[in-house]
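I opened my notebook to look up how the parts of this structure meet. These are my entries, in the order I made them.

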Amino acid sequence: MKNISSQHTPTLSRRKFIKTTGGFAFLIGATGILPQIISCKSAKEIDPGILKQLTAWVHLSSNGQVTIYNPAAEMGQGSMTSLPVIFSEEMDADWDKVKVEFSPQEKEVYGSPGWDGKTKIMMTVGSRTTRSYFTLMRQAGAQARYVLLHSVSQHWQVPISELTTEPGVVVHAASDRKVNYGDIVSFLQTPESIPEIPEEQLKNPQNFRLIGKEMPRWDIPSKTDGSAQFAMDIRLPDMLYATIERGNLHGAKPTLKNEAAIRAMEGVIGVVTLDYGIGVIANTLERALAVKKQLDIEWGGAQTSGFNSQEAFSNYEKVLNGTEKGRELTNTGDFKKARQAAAKTYTASFRNDYVYHAQMEPLNAIVQLAADGKSAEVWVGSQSGPNDKEAVAEALGLEPSQVKVHLQYLGGGFGRRSAPDAAGEAAMLAKTVAPRPVKLIWTREDDLQYGMYRPMSLQRLTACTDGAGNVTGFSHLVAGDGANLLTSGIGIDYYDIPNQYAEVRVVPHGVRIKHWRAVGHGPNKFAIESFIDEIATGEGGDPVEFRRKLMKNSPRALATLDKAAEMAKWGTPLPEGRARGVAFIERSGTLTTGICEISLDPNTGKIKVHHFWSASDAGIIVQPDNVRAQIEGGIVMGIGSVLSEQITIVDGKVQQSNFHDYHIARMEDTPETIETALIDSQETPQGVGESGTPLVACAIANAFAALTGKRLRHLPFTGERVLEVLG
Amino acid sequence: MPDLTLQINGQNKKVNVAEGTSLLWVLREHLGLTGAKYSCGVGQCGSCTVHVNGNPVKSCTVAAEGVADGQAITTIEGLSKDGTHPLQEAWINAQVPQCGYCQSGQIMQAAALLDKNPSPSRDEIIQHMNGNLCRCGTYLRILKAIQMVAGNKSLTTVNGK
């Protein structure tokens with residue numbers, strides 16, 4: 001226990017840890033909070049060894065344990081395993097001795113290149129974890145290995161070039177000597193500067209022994225025994241509980257009519273008026289929740305007052321019919337000319353309602369402002385710890401460097417948790433009771449009604465053909481709220497169409513909107529892929545054959561189409577009442593073809609998805625089973641969002657409130673089988689977390705058209721809407 | 001408010017909470033048994049599922065005083081001594097969890113089924129599990145993990161290894 005050079009406790013297995021801490025006030029999970037309050041009764045059986053830091057990314061214990069930092073959020077997508085696997089591959093660490101912790105939330109050190117390719121960001125969004133960190137983690141792992149080789153070279157006085165590694169071992173073949181990584185700790189010498197390791201000096205992918213192998217996920221055991229810790233699970237000494245009543249009219253200003261009575265209630269510690277809600281701080285959670293219901297609030301108006309979501313579509317139509325141009329997204333060739341020369345022109349419109357993230361863990365955060373007001377800590381499950389740090393700092397009048405973020409596992413993110421609103425709110429409440437920590441919980445109703453939804457939109461597509469079955473022009477106009485939220489997925493450069501045009505026209509409503517798994521790809525691919533099918537039918541072509549022709553210059557895309565068609569036995573007869581539909585999408589660099597098989601209950605209009613096949617090219621696959629799990633889960637989430645999820649707004653007020661009226665997919669809605677194929681590739685890894693979800697709307701709509709000859713053009717495809725379409 | 005005595009995972013726990021406080025809040029916020037999760041608060045999602053006398057119960061909808069005085073409450077923390085209940089092992093084997101938030105409830109719901117019906121059919125499993133929501137969409141793997149145990153097959157990984 002001597003010479004511990006870091007404050008981390010490296011060797012407690014999570015399971016043992018829970019054993020030794022169960023029943024104490026301060027529960028600590030897998031995420032690296034300092035266990036200052038734990039009992040030492042089992043200390044004898046735990047020998048953490050001597051711990052030394054190799055680089056910013058990794059600590060090594062004399063007992064051999066390697067503790068690697070994961071710089072990404074873990075929201076179910078597997079970053080807790082995938083990034084450390086990449087690191088370990090190059091470090092040549094023994095995976096059995098690897099422990100993973102979240103890195104500090106410092107983007108200058110642990111960020112990866114953002115959208116501009118230079119500025120570092122720490123955001124687990126857009127399926128960017130593996131693709132933005134792949135090379136970075138390889139190089140960081142190689143640097144850690146370099147530190148070990150350097151130390152051994154100095155210690156044994158042999159040239160570094162004569163040293164090699166085996167998993168967890170440095171080898172000097174010339175003198176037939178080996179040393180375990182853990183034993184290097186006693187003579188570790190960190191060089192004055194660690195050289196950058198260029199990509200060409202990294203491992204040849206042929207020699208990967210971890211990347212691409214079936215690696216069980218590191219976090220899963222803790223997610224089967226209740227020990228995985230989410231922010232919702234944090235309890236701190238002297239902690240208070242808070243809730244906020246925000247109403248269901250986004251942006252409305254509250255006036256509390258019974259503040260004196262509320263303050264006089266048992267257990268109430270504070271009442272805080274925010275611009276858009278009333279916060280209650282109480283001594284227990286149950287009191288905070290009970291008092292929330294007693295708040296007598298008069299709500300002011302807001303931009304959303306009078307807004308009716310189902311009436312917005314006619315306004316979108318006017319906007320698309322109008323002459324005021326929006327933002328041009330694509331303009332290649334000359335669509336107008338192609339249209340004038342066309343043998344046949346197609347046009348169709350598609351609509352989508354709001355959908356809600358519905359991550360299983362409602363938003364929450366714990367903030368503690370120090371007694372001297374000069375520092376703060378936040379415990380939160382966030383897709384971007386640095387964003388939360390800034391939000392808390394701003395709420396408290398601190399510098400971001402004065403705020404420490406303790407990142408926790410996320411009980412789902414799907415885009416919702418890259419907004420730091422819960423942490424910022426918790427800070428505003430915590431500053432009124434400092435230094436007592438405040439745990440702010442959003443109820444499910446808060447989370448749903450004050451949610452940030454994927455925006456509604458209207459899409460108008462026009463295409464022209466030349467009489468020989470070739471698509472010569474393709475135009476895509478979108479009207480809706482949210483600018484960039486509407487535009488992702490509108491590009492179709494994998495289709496050989498010479499004249500393409502796309503434009504977005506923005507109509508703001510004041511309803512809170514945000515990125516939702518795959519963002520614009522959901523609505524846009526629904527429209528595009530449904531429309532491609534429609535054109536195929538109109539041109540007398542089979543939907544797969546028709547796409548095959550369009551993809552003739554995109555061999556990687558085509559390979560996924562061919563694979564999925566083979567898996568689904570496309571073209572073979574199906575039992576009466578069944579039909580298949582196909583869709584192709586690109587999302588975050590991953591190319592995927594999906595095919596589903598559906599049936600329909602003609603009495604209720606309920607669509608049942610029986611089977612789903614997908615084939616993806618995502619470049620090098622780091623964790624194959626995890627990639628399959630992401631695609632499977634994405635498809636299931638997609639099925640819920642396509643068949644039953646719907647947020648509607650009447651006079652500005654959100655009409656749904658909980659899972660009884662916002663219907664996400666249940667086990668009974670899941671297909672009997674989902675088969676996922678991954679195409680072999682040595683290209684750079686691409687993002688997969690979002691690639692399953694946007695396949696679903698178009699694949700189902702196309703299967704429905706094959707089954708009934710009718711087109712579904714408005715998401716979600718509720719039974720009511722399906723019956724309407726069937727007439 | 002008199003103290004309540006709750007028998008949780010074989011131990012008697014005394015708590016002092018306001019009348020009507022849900023079993024879920026008592027477990028999580030008063031006793032630190034945070035494996036059962038809050039998600040909907042109205043019995044619509046199953047994330048808070050625990051056993052009371054062997055039956056699966058949505059602990060967010062049950063008042064603590066209603067299950068006091070000798071009723072046997074089991075949470076995920078007490079399902080097995082060391083995380084080795086066959087379902088927990090199957091959950092790891094099938095690599096079920098993604099975010100993991102709903103999975104304590106899923107496992108507790110499944111365990112109650114297998115206690116009463118050791119070899120349920122696929123339809124019986126779906127019917128029994130249908131009230132437990134999973135936003136990550138892990139249902140097929142949940143089903144597979146339950147079938148692994150129900151079929152009493154030797155455990156295999158998802159890839160048949």
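**Entry 1: ground rules.** Domain bounds come from an automatic or database domain assignment. For chain A, I found domain 1 (14-223), domain 2 (231-302 + 363-441) and domain 3 (309-355 + 453-726). I noted that this is a predicted model, where local features need pLDDT of at least 70, side-chain atom pairs count only at pLDDT 80 or more, and totals for chains, interfaces and linings use all residues. Residues are numbered from 1 along each chain as its sequence is written, chains are lettered from A and ligands numbered from 1 in the order in which they are written, and side-chain values use heavy atoms, with hydrogens and water left out.

**Entry 2: domain 1 and domain 3 of chain A.** I looked up the centres of these two domains, taken over C-alpha atoms, and they are 40 Å apart. Contact means heavy atoms within 4.5 Å. By that rule, 20 residues of domain 1 of chain A touch 19 residues of domain 3 of chain A.

Next I checked the area. Buried area is the accessible area (1.4 Å probe) that two parts lose on being put together, summed over both. Domain 1 and domain 3 of chain A bury about 1400 Å² between them, with 54% of it on carbon and sulfur atoms. On the domain 1 side, Ser127(A), Arg131(A) and Glu214(A) lose the most area to domain 3, together 36% of what that side buries.

I then searched for charged pairs. A salt bridge is a side-chain nitrogen of Lys or Arg within 4 Å of a carboxyl oxygen of Asp or Glu. The count between domain 1 and domain 3 of chain A is 1 salt bridge. I also looked up the salt bridge between the side chains of Glu214(A) and Arg628(A), at 2.8 Å, N to O.

**Entry 3: chain A and chain B.** How many residues does each chain give to the contact? I counted 67 residues from chain A and 54 residues from chain B. The two chains bury about 4800 Å² between them, 56% of it on carbon and sulfur atoms. In chain A, Thr224(A), Met360(A) and Met667(A) lose the most area to chain B, together 17% of what that side buries.

Between chain A and chain B, I found 6 salt bridges. Glu29(B) and Lys439(A) meet in a salt bridge through their side chains, at 2.9 Å, N to O. I noted 28 residue pairs in polar contact across this interface, both at pLDDT 80 or more. A polar contact is a pair of N or O atoms within 3.5 Å; within protein, one must be able to donate a hydrogen and the other to accept it, and residues adjacent in sequence count only if both atoms are side-chain atoms.

**Entry 4: one residue, Arg217(A).** Is Arg217(A) buried or exposed? Arg217(A) counts as buried because its relative accessibility is 4%; buried means under 20% relative accessible area, exposed over 50%, and partly exposed in between (1.4 Å probe, protein chains only).

I looked up its partners. The side chains of Arg217(A) and Asp219(A) are joined by a polar contact of 2.7 Å. The side chain of Arg217(A) also reaches the backbone oxygen of Gln98(B), at 3.1 Å. Leaving out residues up to four places away in sequence, Arg217(A) touches residues of both chains, including Glu74(A), Thr81(A), Gln623(A), Asn626(A), Gln95(B) and Pro97(B).
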